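These are my notebook entries from one sitting with the model. I kept to what I looked up, in the order that suited me.

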There are 2 protein chains.
Amino acid sequence: MPKIVNHDERKNTIAEAMWRVILDKGMEGATVRNIAEEAGLSLGALRYYFKTQDDLLVYAMDLVRERAKKRIEKILLQSLSPKELVIAMILEIVPVNTDTRIEMEVWFAFIAYVKHRSDTIDVPDDQILEMTERLLGFLQDQQLLKSTCQMEMEIERLYGLIDGIAIHAVLNPERLDSERIRKTIIYHIDSICR
Amino acid sequence: MPKIVNHDERKNTIAEAMWRVILDKGMEGATVRNIAEEAGLSLGALRYYFKTQDDLLVYAMDLVRERAKKRIEKILLQSLSPKELVIAMILEIVPVNTDTRIEMEVWFAFIAYVKHRSDTIDVPDDQILEMTERLLGFLQDQQLLKSTCQMEMEIERLYGLIDGIAIHAVLNPERLDSERIRKTIIYHIDSICR
DNA sequence: TCCTAATTAGCACAGCTGTATTAAAACGAA
DNA sequence: TTCGTTTTAATACAGCTGTGCTAATTAGGA
């Protein structure tokens, strides 16, 4: 009879410990021993929850996506004007606070690592591109886009801008603080809307 | 009496071998043994040219910057209109061909790695931000910028766009090919110029 | 209480890591 | 040639890596 207890919550705890290790020591520092220590567990205990290190890796990656997804879904519950909604969604992706910055930094580390292991670990598809397409399509449906806008180019531009700002916020948070990010995003959205 | 021979060229050869290893196996695969094998040298030989692995790392990073710098300086020798010049410079940074893609990918790997070793290796400053500032300042001096443009925001936006597109070109080159990059950059520059 | 399964801790092992050391080879100048 | 320096090769070593294995501990149901 399995203990109904916090098996899954424990897995999340370990995954979050992995995040913290990656944040602190980078991907090369994300060893099972470091992660176990950060999580306050023994090697054997960690190995009980995750058979191999790769199992932990994909679990930790999925957790990032799940958390981000939940945060974004929350925005839909608010009542916002179309433009406000678009801006709010983008600001939930780009690192404007500690949570989002951690997730984004860890995500980049994952992606860069997994890229060279695509034979054994399948690279998760980028949801940001999809979201960008949807947001711009939404603005167009609402007749908010300037007539001079070319959809295909606008998608590429906003998509690049989001990840570019995300990178800069991760690598240089003191230069590109949250207020500056916010202003830039709003500036861009304003520039493509009537 | 030192042999005048290809000591420095050999160092470049090794550094480029390191690039190839990083490209193929990622930063975790960039061990001295892998690099030595890729360069066709023994461990001892490699160690003769670079006392420690960190020495090789900073040398290989500097080589990336040096190569990029030279390529950009070449553009100044051409006779281009202001707008053409700006676009040409941006396209020399962003990965539109094999050389630039290799450099950009390796550069990102370096930056991500060095970030967690800032105590022992000093993180090189970002020249792209400087260049972006200069390019936009140049456009303004030439009276080419639209009056609605806010300089500070335009810098942040172009800077983000450049690195964002660079990331996307590195991670997904078959989707974001060179033609698409070119079109996007030109589209953006056109959008901020009269 | 006892019993069984879940959970934990610890150790062992083979492999890879960076680097130090040492000797051998190659080579240019006398 | 012979010498002295540059260059190469090979090995050794301590430390860390992921993971397999085994025994100890815990805890919940009978």
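**Domains of chain A.** I began with the contact between the two domains of chain A in this predicted model, and found that 7 residues of domain 1 touch 8 residues of domain 2. The domain assignment places domain 1 at residues 1-51 and domain 2 at residues 65-192. Taken over C-alpha atoms, I have their centres 29 Å apart.

**Helix α4 of chain A.** I turned next to α4(A), which covers residues 53-77, and noted that its 25 residues reach 37 Å from the first C-alpha to the last, close to the 36 Å expected at 1.5 Å a residue. Which residues of α4(A) are buried? I listed Leu56(A), Leu57(A), Ala60(A), Met61(A), Leu63(A), Val64(A), Ala68(A), Arg71(A), Ile72(A) and Ile75(A). In looking for what covers these buried residues, I found that the cover includes α1, α2 (32-39), α3 (43-49), α5 (82-93), α6 (98-114) and α7 of chain A.

**Lys11 of chain A.** I then looked up Lys11(A), a residue of helix α1 (residues 7-25) of chain A, and asked whether it is buried or exposed. Its relative accessibility is 18%, and because the cut-off for buried is under 20%, I entered Lys11(A) as buried. Setting aside neighbours within four places in sequence, I found Lys11(A) in contact with Tyr49(A), Phe50(A) and Tyr59(A). As for Phe50(A), it stands 39 residues from Lys11(A) along the chain, yet I have their C-alpha atoms 8.1 Å apart.

**Helix α1 of chain B.** Moving to chain B, I noted that α1(B) has 19 residues and spans 27 Å between its first and last C-alpha, close to the 27 Å expected at 1.5 Å a residue. Its buried residues are Lys11(B), Ile14(B), Ala15(B), Ala17(B), Met18(B), Trp19(B), Val21(B) and Ile22(B), and I found them packed against α2 (32-39), α3 (43-49), α4 (53-77) and α6 of chain B. Just after α1(B), I came upon Gly26(B), which takes a positive phi of about 80°.

**Packing of α1 on α6 in chain B.** How do α1(B) and α6(B) lie to each other? I have helix α1 (residues 7-25) and helix α6 (residues 98-114) of chain B packing at an angle of about 80°, their axes 10 Å apart. Since 65 to 115 degrees counts as roughly perpendicular, that is how I describe α1(B) and α6(B). On the α1(B) side I listed Met18(B), Trp19(B), Ile22(B) and Leu23(B), which meet Ile102(B), Glu103(B), Glu105(B), Val106(B), Ala109(B) and Phe110(B) of α6(B). Sorting this contact by class, I entered 8 nonpolar, no polar and 2 charged residues.

**Positive phi at Gln143.** I closed with backbone angles, bearing in mind that most residues other than glycine have a negative phi. Gln143(A), not a glycine, has a positive phi of about 60°, and I placed it in the loop between α7 (127-141) and α8 (151-171) of chain A. With a relative accessibility of 57%, Gln143(A) counts as exposed. In chain B, I found phi of Gln143(B) near 60°, again a positive value in a residue other than glycine, and Gln143(B) lies in the loop between α7 (127-141) and α8 (151-171) of chain B. Its relative accessible area is 58%, so I entered Gln143(B) as exposed.

Notes:
Residues are numbered from 1 along each chain as its sequence is written. Chains are lettered from A and ligands numbered from 1 in the order in which they are written. This is a predicted model: local features need pLDDT of at least 70, side-chain atom pairs count only at pLDDT 80 or more; totals for chains, interfaces and linings use all residues. Side-chain values use heavy atoms; hydrogens and water are left out. Axes are lines fitted to C-alpha atoms, for helices over the stretch in contact, and angles run from 0 to 180 degrees between N-to-C directions. Helices (H or I, at least four residues) and strands (E, at least two) are DSSP runs, numbered from the N terminus. Angles under 35 degrees count as roughly parallel, over 145 as roughly antiparallel, 65 to 115 as roughly perpendicular and the rest as oblique. Contact means heavy atoms within 4.5 Å. Ala, Val, Leu, Ile, Met, Phe, Trp, Tyr, Cys and Pro count as nonpolar, Asp, Glu, Lys and Arg as charged, and the others, Gly among them, as polar. The expected span of a helix is 1.5 Å times one less than its number of residues. Buried means under 20% relative accessible area, exposed over 50%, partly exposed in between (1.4 Å probe, protein chains only). Domain bounds come from an automatic or database domain assignment.
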